[in-house]
Each structure stands twice: as C-alpha cells, then as structure tokens.
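Thanks for coming, everyone. I have one structure to walk through today. Please bring it up on your screens.

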Amino acid sequence: MMLQQPEDPVGPYVWFTALVNTFCLARKPKSTLALLGQLALMLKRSTRDIQPSHGTKCTLSESLAHTAEGRKYYAMRISRNPGIYRSWSKARSLIDGCAGARYKSFSTVAEAMAFILEQFPNATFTKNVNGEYIMDDPSAVNEIVAAASLKKDKLRGIVFGALEDSDAAGVPYDSIAAASRLRQLTAAWEADPRSRLPLNPEQQQAFDAIVEGRNVCITGMRATGKQTLMLHVKLHFTRSHRVFAPTSACAMRSLMRGLESTQSWMGVGKAIGTKRQILSKVRKNAALRKAWIDTDALLIEDVSRLSAQLFELIDYISRELRKAPDRPFGGMQVVLCGDFYELPPVLSGAISCPDCGQSHRLGFEKENMTAHQPGAILECINEDCGKLFQNTWTMFAFEAPAWSTDEIIHIDLLRTYMGDTRLATLISELRAGMTTDETSKMLASRAQTMDAVITTETSTELPPPSPNAGPSNAPEEHQQQHQGPPQSPSPEQQQLFQQQLVGKTVQNTTATFSVNITPTEEDASNINMLCISALTTSMAVFEASDTVIKSFDFSSRGQLREGPVDESLVLKRGAMVILLPERHGTQMRPRLGRICGFVAPSPEMQAQISARLARGLEAVRDAMLEWISKHQLLPQVILEPFEEQLAPGAALAGGDLGSGAGPSGGAGPSIESAGGPHSENPTRLQPRSAAVCAPATVVTIEPRTWTVTFKDRLVAWRIQLPLRLAYAVSLDKSAGLVFPRIRLTSAHRWGPGQAHAALYRSATVEGLHLYYMHDSSFEPTHQVVAFMATCGMQPFSTAITSRVLPDTDANEQDSKGHGRGKSKKPVDPSSLAGTPRKGSG
Ligand SMILES: Nc1ncnc2c1ncn2[C@@H]1O[C@H](COP(=O)(O)OP(=O)(O)OP(=O)(O)O)[C@@H](O)[C@H]1O
C-alpha cells in the first residue's frame, strides 16, 4: 500500500515521527494490519489543522516551535478546563477532584494535541498569552465529567441531605455529608422523649465521668436507662462541637437505630490479617485515616457484641495512627455501653493467625463448632507458621489484654425502671450468679408441661400465680415441678408437642399468644414454617429489595442480612406477626398482631412516600416505589395496644414501656378503627377495659428502609415490610425486643448464657412460659459473672485464667509435635478455653 505524503510543511517531521513510532510498534508482536492502521491514524491526525476561534490559524507546524523551549506540554484532555498547559501545578489544579480525569504530558505540542483530538476530533483551541492552548468549546468534556461525577458519587454512597446542602459553596463534600448526617441524628435524639428525662444519680455519675473525658464502660440490665444516658451524652457532644462517632457493635441494632456499625467505622473488614496488615489497610484509605485521627470520642453501644479481637484493634490502630503509642486508644476517648449478659460476640465465619495473617474459614458444621468457641486454641494451617493461636473473635471485649481497669472506668447502673419488679429481682439474682429459693420458685411457677401449653393457650390466659405462690397453692402441674427438676421430654413427646402446638398456636389470639424464643435462627424458621403451613388461607410472599451502592470490605450485604427483617417474608391471612418498632418514632416496643387481609397501596400513600424521600434520597424513593409496584398488595394487621397484650395482673409501672409507647402509640401511618372494611371479627379483640386501653386497630403496613451507613454516607439499604412471623424469633433477631409472652423450650440446644438472655425478652414474670427448662439453664456465662464481680476493682485478666494461651514452651512443643500444613485443628478447647459458648449460627 502506498502512503501519500502530505503537502503541509510539517510533513517531513510528521513522516519521521510516524515512521519512528511504527518502528517502535513493529517491535511488539502485532499484526501487520494493525501496524498499518496505527500508521494511517498517525498520519491522519498529524496533518489536521487546528482552528483557533479568534481567527489565528494554529497549525502543528507552528506549534512545533514550542518543542525547542524544553518544557513539557500537559494535555489535559478530560479536566475542568481542557487544553494544553505548560505548568504542572496549574494543570494539576484542573484535575483535583475532577471525576474521570484524563491527561498526559508530552514533549511536543503536536503530540499533546493529537492526544486530545483522539477523543474530541472536532475540538478547536485558542492560544493565550501564556502559550497555553485552551479548548474553545469544552461542552463535550463537561458532559463526560458530569457523568463521571454522578457515577463516582454513587460509588461513594449517598450523601445525607446532599441536595439540601449542595449550595454550601466551598464546603468540602465530606463535611457536607458529616454535618447533614449529624443534624439528622441530632434531630432524632432530641425528639426521643428519654432525652428530656433528668438523669438519676448513677446516670449522672457516668455522665460526669464522660464529660471529664474519661474512658467509661456503662453496663446495666434491661431498663436501667443506658439508652437514656447515651442520648444525653450524644446531645452533649453535639452541642459542645466535639467530633464523635456514635456506633453500635451489633449489626442488627445498628440497622434498627440507624447508626454506623462499629466494625464498619473502623474500616477493618472482617479483621482478618496481622495487626500490622490491618493497620496498613486502614492507613491507605484517606477517609478512614482521617476518621481515626480526628475523632475525639468513639461511642460503642451494644458492647457485649464487641469481640476481644476488635477491641484490641481499636487500641492498636488508634495508638499507631494518632501517633500516641503510650496513650490508651491514642488519646481518643472511648465510651462503651451495653449489657454483657446479653448477646455475646459472633463470628462471621473466618478468623486469622495473628502471627502470619493466614485466614482460616470456620464453617458452621457440627464438627467445626469447637473452633467457634471463645478462646478456642487453633493451629495455623500455614506450613511456614504452624503456630497456635486463640480465637479472640468470640471472646468478650473485656477479655482483651488492652482492657485495663486503670484506663476504663466501669459503671454498672443498678436502678432499673422495669415495670415488673418480680422479673427485675429474678434477673438480677441470676446475674449475680445465685438462685435463691424464691428465684427457683418463681421459675418453677412458670414451668409448663405440654398439656398446660395446649390447654392454657387455647382457652384463657395462665392463672396469675400469687406473689407468694408456693407448692401448696400452685396449680397441680406446677406442684409437680417443685418436687425436682423437670424431666426432659422424649423425642416422641417433643414431636407430638410440636404438632399440637402448631395446630393450636395458629388459633391463638394476641391475648394468649406466646412468642417462642430460640437460640438459633434455624430453630426459629423451622417453627415459623410449620405454623404458617398449618394455615389454609392464601399466601403472599414479600421479597426484600436490597441495594448496595458501595461494597466496602465489611460487606454491606452481610450487614443487611443480619438486620431485623428477612429477605423473604411469607404471610397468610390469620398469621400472627410482630410489627417491629420504628427507629426513631414513638412506637418503641414491638407489637403483636394478626394478618387480616391484603389491600392495594393507595395513591396517597405513594405520594407521601415520594414526598418524604424526595430530597437527596431519590434512589431510595425509586427503589421503594418499585418495591410497592412489584408487590401490588400490602398486608393489613389487627393490632392491640401493648398493655392489652400483656397477661392479666401484669400492668407495667414506670418507664418500662418507653415513654412514647402508650395505648395510643402510633403503629403506622394509616390507621383505621377496628371494624373498618378490612378488619377480621374486630369485636373479639375489643380490650377488656376501654378506660385503660385504646381499641384494637387495623393497620396497613407500609414497607420500611433499613440502611447501612459508612462514614456519613448511605451505602446500602434493604426495603421490606417491618414484620416478622411471630411464632418464633431467634435470640439474635429479637435483640432489644420485649414481648408480652414468651416461651422457651428445652427442645432447643441452649448455649451458656443464652436462656438467661432470653428471659430479657419477656415483659413480666407472668409472661414467661418455660417448657421443661431447668433452673441451671438460666445461668449466665461465667466469664461475665466473674467480670461483673471485679467491676472497677481489679484488672479482669487476673480473674479469668481459663482463657489464656498455653505457655510458650508448651506452645512450641505442641506446634512441633503436630505435623505442619495440617488442616485447622482445635486443641482441646474445653480444657484451655473455659466454658464453651455456642455461636448464634
Ligand atoms: N433518669 C430517668 N428517670 C426516669 N425514667 C427513666 C430514667 N432513665 C430511664 N428511665 C426510664 O426507663 C426506661 C428504659 O430506659 P432505657 O431505654 O434508657 O433503658 P435501657 O437500659 O437502655 O434499656 P434496654 O437495655 O432494655 O434497651 C425509659 O423508657 C424511661 O422511661
């Protein structure tokens, strides 16, 4: 093929350049056709004239003169003001914060222009006095930049109130997000009636210590005002302009409360790797690094869920990044709050060797469960390491070496506002690790045989035992329980019980209904499935819609899965459901109800949703409207006020219901009186005392959004109905929820401390239904009892000796003894790791 020589005077130079380039390209293994194509393209581009807008024709030959100057030409192809520049500092200023920027330096202006023309062949330039060539019409470039910014913003997550604040010129993007988020949270905290309660002396003591800047750990049983205190603390920090991070160590409760999870705030993913590896990962992310350095106070709620592994990392990373290795947490104030008797830390499935960082996947199969136990000793599978290490992922934060009583003041709130003082006494005795006669009697009085369950739950409520009930005046079946520990039912009995229970449970009214609390999610879904399939009415399935904008290393999807609502919700007319409390609303307790029908969503409801989610949250709004149009129907539920759902004689006093939860506590936006068009036999559900209780209501349930936030951005959300089937709920999914009646059965395998924690789900002693449960099942985890006994007196590490690594010699000997490269191997964890604790699975 013959190539024509161009007529332009610059021709020889261009030919020369083209040939040199072709020669270079030819050295690479490319096809001849491709090489010729390259050559033709270069020729075509090099001969094109460039039309300046002000009449001066600027050609390549003219531009060649600039090569002699010896300075580089910066071709800023996609930038804020596209063109060719001579100074790098100026060029750089055009691409700082510019999404999708493309630029390159060249030694000739011809090459620089060819680079820009490659993408924008019709571009023309004007040369200015500084010798820069500015693109005349940058509109095509601007469009690309705008599209890239949108994409980038989407990848970075939704900025809270972005639209509202986007006029704040000059304010950095991240500051807008942080300020908007904080404003939203502050408004919700201020709206919470608990923020206006005066603190009691215990709470005040803790508050003062926090205000002084001390590291404080606040614990306390249910309704001791922990949340109330934390609300005061958060508002104090906001008003005094302190940089603080309100987080929750429980994924489920962080979603319920709209807080960032502690683990995602830390940005450590699943905390896999050596400390140094994790640190260097955090260090590389500017936003994370900044958060660690700038934060004055880290608030961690639901601290029982925080593992020793994470606690250790908080101390290590903050010391390193804040360059204060000698100060606890590098000088960052740490405020911990929760109840260690509640849920323990759980494992997501992998841990790693602290020496070499090797990751070890721990399945949830039966044979793997010993490795899940807190403090279990494992052997590293890395052939070059093979060291023994401890599973610190399921150990409590207070078991971490970084926990020191010199540095963390521990305040246990003792005054409880629980309405039922008998339940408060029962729980506090069990917490102290003692069971008095009175406690045993109380537990025994709540024991039920199968017959008792079947008869009492289908006819009327359990007869309320008198406060001094003893063996003599207890019902017959209860008297039998006092004669000794109940015997476990046989498998046949269990099966029969299950079948009969299912049949009867579906006929229960809210006034006699017990929620089965189970140790695992699997147990709960088995019961729910059995009960729902026993209903013969038509079925409706509601699928959650998940959106994950940015998948950062601590999987947003995983957090959504751990949330309060399931991916798939199967409902039938007549099914008993739990309506979950609103995040910041007036309804603070779950409500039990029965599905009475399904209706099409009204246009007004859709308009309301659109209006509510319009500003800055269009993506959420669109997903919500899509969810509604996909499902076409919304369930209607007959609800009774919480008090009405309580057992008779169990009226609550004080604030245990939450200040906002009264008989008229709003359950949802569209409430009709019972007897409305969609209600099912409403007269049957009329409350006994209209003076005390509001009438039952029929509520149309709207979908709700559960959000995952990361550094003040919304990075994922799930849209689903705020409902769960009420026949059974696992301990995990019922965290923080209280029901009028619960049932615990020995049919499930309760791990240490789990049945104890399950007691917290009952509002009253009368609401407890115990099926063949032994007193000993309710003992709390002994590590927690021991820790609480040392509260503020001595370092905890001296109190616990069972969960320590074997001494180094033994360690080495053992690791040598075992062949290298074996699969992970728990080493007699029962002897080394203290009492095993069952994972939530
Ligand atoms: N200082 C106080 N004065 C009066 N009532 C209080 C006070 N603190 C808490 N309460 C009451 O106790 C109830 C429970 O408080 P709060 O929710 O803060 O407790 P909690 O310990 O966080 O409970 P839980 O562990 O169940 O979440 C509140 O609804 C409130 O009515």
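Among contacts in the protein chain between residues at least 6 apart in sequence, what percentage join residues at least 24 apart? The figure is 74%. Keep in mind that this is a predicted model. The chain has 841 residues, and 54% of them are buried. Its secondary structure comes to 30 helices and 32 strands.

Let's start with the loop between β7 and α10. Strand β7 covers 215-220, and helix α10 covers 226-239. Two residues of this loop are worth a stop. Take Ala223, which lies in the loop between β7 and α10. Its phi is near 60 degrees, a positive value in a residue other than glycine. Ala223 is partly exposed, because its relative accessibility is 23%.

Now Thr224, in that loop between β7 and α10. Is Thr224 buried or exposed? Thr224 is buried, at 0% relative accessibility. What does the side chain of Thr224 find there? One of its polar atoms lies 2.6 Å from the backbone oxygen of Met221. Then look beyond the four places on either side in sequence. There, Thr224 is in contact with Gln203. Thr224 also contacts a run of residues further along: Leu413, Leu414, Arg415, Thr416 and Tyr417.

Move to the other end of α10. His241 sits in the loop between α10 and β8, and β8 spans 244-248. His241 is not a glycine, yet it has a positive phi of about 55 degrees. His241 is exposed, with a relative accessible area of 70%.

Next, a helix pair. Helix α14 runs over residues 286-294, and helix α15 over residues 308-321. How do they pack? Their axes are 9 Å apart, at an angle of about 90 degrees. So α14 and α15 are roughly perpendicular to each other. Who makes the contact? From α14, we have Arg289, Trp292 and Ile293. From α15, we have Leu313, Ile314, Ile317, Ser318 and Leu321. By type, the residues of this contact divide into six nonpolar, one polar and one charged.

On to the cysteines. How many disulfides does the count give? Zero. A disulfide is a covalent bond between the sulfur atoms of two cysteines. Here the cut-off matters: the two sulfurs must be within 2.5 Å. For Cys380, the nearest cysteine sulfur belongs to Cys356, and it is 3.5 Å away. So Cys380 is in no disulfide. Cys380 is buried, with a relative accessible area of 1%. Cys596 is buried too, at 1% relative accessibility.

Last stop, helix α24, residues 603-612. The residue to pick out there is Ile609. Ile609 is buried, and its relative accessible area is 0%. Which residues does Ile609 touch, not counting those up to four places away in sequence? The list is Arg621, Met624, Leu625, Ile628 and Glu702. Look also at Pro703. Ile609 and Pro703 are 94 residues apart in sequence. In space, their C-alpha atoms are 9.9 Å apart.

To recap. The α14 and α15 axes are 9 Å apart. Thr224 is buried in its loop, while His241 is exposed. The disulfide count is zero. And 74% of the contacts between residues at least 6 apart in sequence join residues at least 24 apart. That's my tour. Over to you.

Definitions and conventions
Residues are numbered from 1 along each chain as its sequence is written. This is a predicted model: local features need pLDDT of at least 70, side-chain atom pairs count only at pLDDT 80 or more; totals for chains, interfaces and linings use all residues. Side-chain values use heavy atoms; hydrogens and water are left out. Buried means under 20% relative accessible area, exposed over 50%, partly exposed in between (1.4 Å probe, protein chains only). Axes are lines fitted to C-alpha atoms, for helices over the stretch in contact, and angles run from 0 to 180 degrees between N-to-C directions. Helices (H or I, at least four residues) and strands (E, at least two) are DSSP runs, numbered from the N terminus. Angles under 35 degrees count as roughly parallel, over 145 as roughly antiparallel, 65 to 115 as roughly perpendicular and the rest as oblique. Contact means heavy atoms within 4.5 Å. Ala, Val, Leu, Ile, Met, Phe, Trp, Tyr, Cys and Pro count as nonpolar, Asp, Glu, Lys and Arg as charged, and the others, Gly among them, as polar. A polar contact is a pair of N or O atoms within 3.5 Å; within protein, one must be able to donate a hydrogen and the other to accept it, and residues adjacent in sequence count only if both atoms are side-chain atoms.
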